[in-house]
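Hi,

Here's the structure I promised to pass on. Have a look at it first, then read my notes underneath.

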Amino acid sequence: MGNSLITLREKIKRKEIRLCVVGLGYVGLPLAIEFAKKGLEVLGLEIDKERLKRLSRKESYITDVPEEELGKVLRQGKLTASSQFSLLEGVDCIIICVPTPLKRKFHPDISFITQAVRSVSKHIKKPSLVILESTTYPGTTDEVILPLLEKSGLRHGKDFYLCFSPERIDPGNTKYPLSRIPKVIGGITHEAAALGKLLYEIIIDKVMPVSSAKVAETAKLLENTFRIVNIGLIDELAMMCHKMGINIWEVVEAAKTKPFGFMPFYPGPGVGGHCIGKDPLYLYWKAKSFGFKSRFIKLSSDVTNYMPQYVVERVLDLLKANELPLNKLKVLVIGVTYKKDVKDLRKSPALDMIEILQKRNVSVSYYDPLIPFLKINTINLKSITLNAANLRNFDCVVITTDHSKINYALLLRSARLIFDTRNVFKGKENPRLVRL
């Protein structure tokens, strides 16, 4: 065992390391705070100037980060935020948590990763542990990051140790905070994985090493592929059950009474958020380079992407009885975030629905207690005041996100017509209520 490995391992064990988190978004900021709460000196590197300004004011911009916790570690000096990569020269462990968007034709965009790694390689301290958490295709750690770091003259196993550990943040989930979500870690070598395990055990109850970074990368994609395949399946069944005059919600409730061999998934207006809609397509893209086409992933993606359009078509079909031209119809969308009780608009299907309705010349408004205004793409709207008088102005109310702090009793009393995509009114029957 080399001296560099022994030195780094002992520093991690004694919590005498300085840690850097590159990217202070929905993954990086909670991670940085957890390490800082355990007494580590944490540097947060962020290139977004607005985020840095808000951090300087001790303001949280992440739903799951309470300002009290953020302010405490900032005041204590346990967490500092900067855009200067030169500060890495005093850091022992680096965790990269940057975005990985999807380009056209399902091509993963890892430019944020490569940009971060190049910046890291110029200032890395020897020896250092480098961990990637950004979701990506299998082979990124071995085939892209390792060569980039070694191109700068660094040697793996001597100057640095490299791992991949998939993020498992679930925004808004209070049952499973970061410390209670088991962590998977895969290294370029077993020694690297062992170092990563030691590091994460400082803040996480259970850390599971796997045999390679590729296994860890693929495990993350399997988790999200499992979700999109099952959501796509239940969305397709919802469309089929509508044609057959069967209540899909009752079907799911009946099926989930089976104590084995079944897990309930529920239909909805589409898939939003940072993971489920795009991450499985990294696996689809990578598999194609091996001559393999994943039909399940592609079909599931197609079905879930179609759901906003399907909801709009169902709503317009319901309104045909009004015999009004489209430009005379008024629709109210209830809830525009992608997830219940989470202030996050990323890839929200409600936004797609609003844009589709606008293109059809339908007058659209929205109400969301978490989002006072919308200015995204072609949408420029303010949340309406939810009261009986306003509700009576709309031909149809579409429930797309089932926030807790919405007066659903008021909706049921006052709306002319409700299209419920979330089964908010479970067990209720009303001639003005229609379910997905």
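Below is what turned up, starting with a sheet and ending with a cavity.

One thing to keep in mind: this is a predicted model.

Let's begin with the sheet. It's an open one with five strands, and if you walk across it you meet them in the order β10-β9-β13-β14-β15, with parallel pairing. The edges are β10 (363-367) and β15 (433-435), each of which pairs on one side only. The sheet has some twist between its strands: ignoring direction, neighbours are turned by 20° against each other on average.

If you want a spot to zoom in on, try the β10 edge. There, β9 (residues 330-334) runs parallel to β10, and the two pair over five bridges. One residue pair to click on is Lys330 with its bridge partner Ser363 in β10. Then look for helix α11 (residues 295-318), which packs on this sheet. Helix α11 touches β9, β13 (396-399), β14 (418-420) and β15, and its direction makes about 155° with that of β14.

Now for the empty space. How many cavities of 30 Å³ or more are there? The count comes to one. The largest cavity holds about 80 Å³ of space. Its lining is made up of Val27, Leu31, Glu133, Glu167, Arg168, Ile169, Leu178, Ile181, Pro182, Lys183 and Ile204. Sort those lining residues by type and you get seven nonpolar, four charged and no polar ones. Try colouring them that way in your viewer.

Cheers

Technical notes: Residues numbered from 1 in each chain as written. Predicted model: local features only at pLDDT ≥ 70, side-chain atom pairs only at ≥ 80, totals over all residues. Heavy atoms only, no water. 1 Å grid on protein atoms, 1.4 Å probe; cavity = no way out; pocket = protein on both sides within 12 Å on 5 of 7 lines; lining within 4 Å. Points joined across faces, edges and corners; volume = space filled by probe spheres on them. Nonpolar A, V, L, I, M, F, W, Y, C, P; charged D, E, K, R; others polar. Pairing = 2+ DSSP bridges. Helix = DSSP H or I, 4+ residues; strand = E, 2+ residues; numbered from the N terminus. Axes fitted to C-alpha atoms, helices over the stretch in contact; angles between N-to-C directions. Contact = heavy atoms within 4.5 Å.
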